[in-house]
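These are my notebook entries on one protein. I set down each point as I looked it up.

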Amino acid sequence: DQLRKKTVANVEAGIRGLSAFQLPDGSFAYWPGGGTPSVWGTSYAGHFLIEAEQKGFDVPSALLNQWKKYQRKAARSWSPSGRRTDFEQRQEQLLQAYRLFTLSLAGEPELGSMNRLRERSDLSGECKWRLAAAYSLAGQNETARELVGNASTETEDYDAYGVTFGSGTRDMAMILETMVLMGMRDEAVPVVEALSSRLSGEQWMSCLLYTSPSPRDRTRSR
């Protein structure tokens, strides 16, 4: 009972605190009071708010509605920036796929943007799985199945800091989440075993020991 109370208090505090991160356009900054949107952080914050609301927590409608407005606009205007490395290209695709997933989770799938991303011939495996989750949540399970029909469930370890703040282990967990959403429980068994092996190991759960400087540190360095 004490653990449940503490969990509820933490979630409520998280909801209240996010208002300090939201920018006028509905996106979320990396730091409270920041002026620049964090692309992955915006999707991540919205993901949290949606899950909290679905669990019965009181989420301010203005906070969530402004976020939805921003996500829709960002999804519709997305296009690859032309970055050169394969890793950067995969990260950009995953940013868009996760954004589309959160909109579907919110009950407002952006099907036009989902279809445009799906039609790309260079989609990475992790992007296909995240996009398939968006389609599944939108009720288009056949499209989701077709999208991941030949997609690998194996993931690559990150050898550089990525804009999605992830790792091969994180990507594997998202693949597993998608498989559960799609009812692929038998196919998910090897993924569960592989993920369990990683989580029970002694390696770090992030690609690099990266620490972003705080606003105070940036001020001191000037």
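Entry 1, overall form. What radius of gyration would a compact globule with 222 residues have, and what does the protein have? I note at the outset that this is a predicted model. For a compact globule of 222 residues I would expect a radius of gyration near 17 Å. The protein has 18 Å, which agrees. I then looked up the box filled by the C-alpha atoms, and along the principal axes it is roughly 50 × 45 × 40 Å.

Entry 2, secondary structure. I found ten helices and zero strands. Reading along the sequence, I wrote the pattern down as α-α-α-α-α-α-α-α-α-α.

Entry 3, packing and surface. I looked up the buried share, and 40% of the 222 residues fall into it. Of the contacts with a separation of 6 or more, 62% are between residues 24 or more positions apart. The accessible surface comes to about 12,700 Å². Carbon and sulfur atoms hold 50% of this surface.

Entry 4, charges. I recorded 27 positive and 27 negative charges, with mean positions 8 Å apart. The structure holds 13 salt bridges, and I looked up three pairs among them.

Entry 5, K68 and E108. The closest N and O atoms of this salt bridge are 3.6 Å apart. K68 lies in helix α3, whereas E108 lies in the loop between α4 and α5, so the pair ties together parts that are 40 residues apart in sequence. Is K68 buried or exposed? K68 counts as buried because its relative accessibility is 13%, and the cut-off for buried is under 20%. E108, with a relative accessible area of 28%, is partly exposed.

Entry 6, E156 and R90. The side chains of these two residues form a salt bridge at 3.4 Å, N to O. Which parts does the pair tie together? E156 is in the loop between α7 (141–147) and α8 (168–181), and R90 is in helix α4, so the parts joined are 66 residues apart in sequence. I also noted that R90 is buried, at a relative accessible area of 11%.

Entry 7, R170 and D171. I found a salt bridge between these side chains, at 2.9 Å from N to O. R170 counts as buried at 19% relative accessibility, and D171 is buried with a relative accessible area of 2%.

Entry 8, a network. Which residues are joined into one network by salt bridges that share partners? I listed D86, R90, E126 and E156.

Key. Residues are numbered from 1 along each chain as its sequence is written. This is a predicted model: local features need pLDDT of at least 70, side-chain atom pairs count only at pLDDT 80 or more; totals for chains, interfaces and linings use all residues. Side-chain values use heavy atoms; hydrogens and water are left out. Helices (H or I, at least four residues) and strands (E, at least two) are DSSP runs, numbered from the N terminus. The radius of gyration is taken over C-alpha atoms; the globule rule is 2.2 Å times the number of residues to the power 0.38. Buried means under 20% relative accessible area, exposed over 50%, partly exposed in between (1.4 Å probe, protein chains only). Contact means heavy atoms within 4.5 Å. Accessible areas come from the Shrake-Rupley method with a 1.4 Å probe; for residues, only the protein chains shown count as cover. Lys and Arg count as positive and Asp and Glu as negative; His and the chain ends are not counted. The place of a charge is taken as NZ of Lys, CZ of Arg, CG of Asp or CD of Glu. A salt bridge is a side-chain nitrogen of Lys or Arg within 4 Å of a carboxyl oxygen of Asp or Glu.
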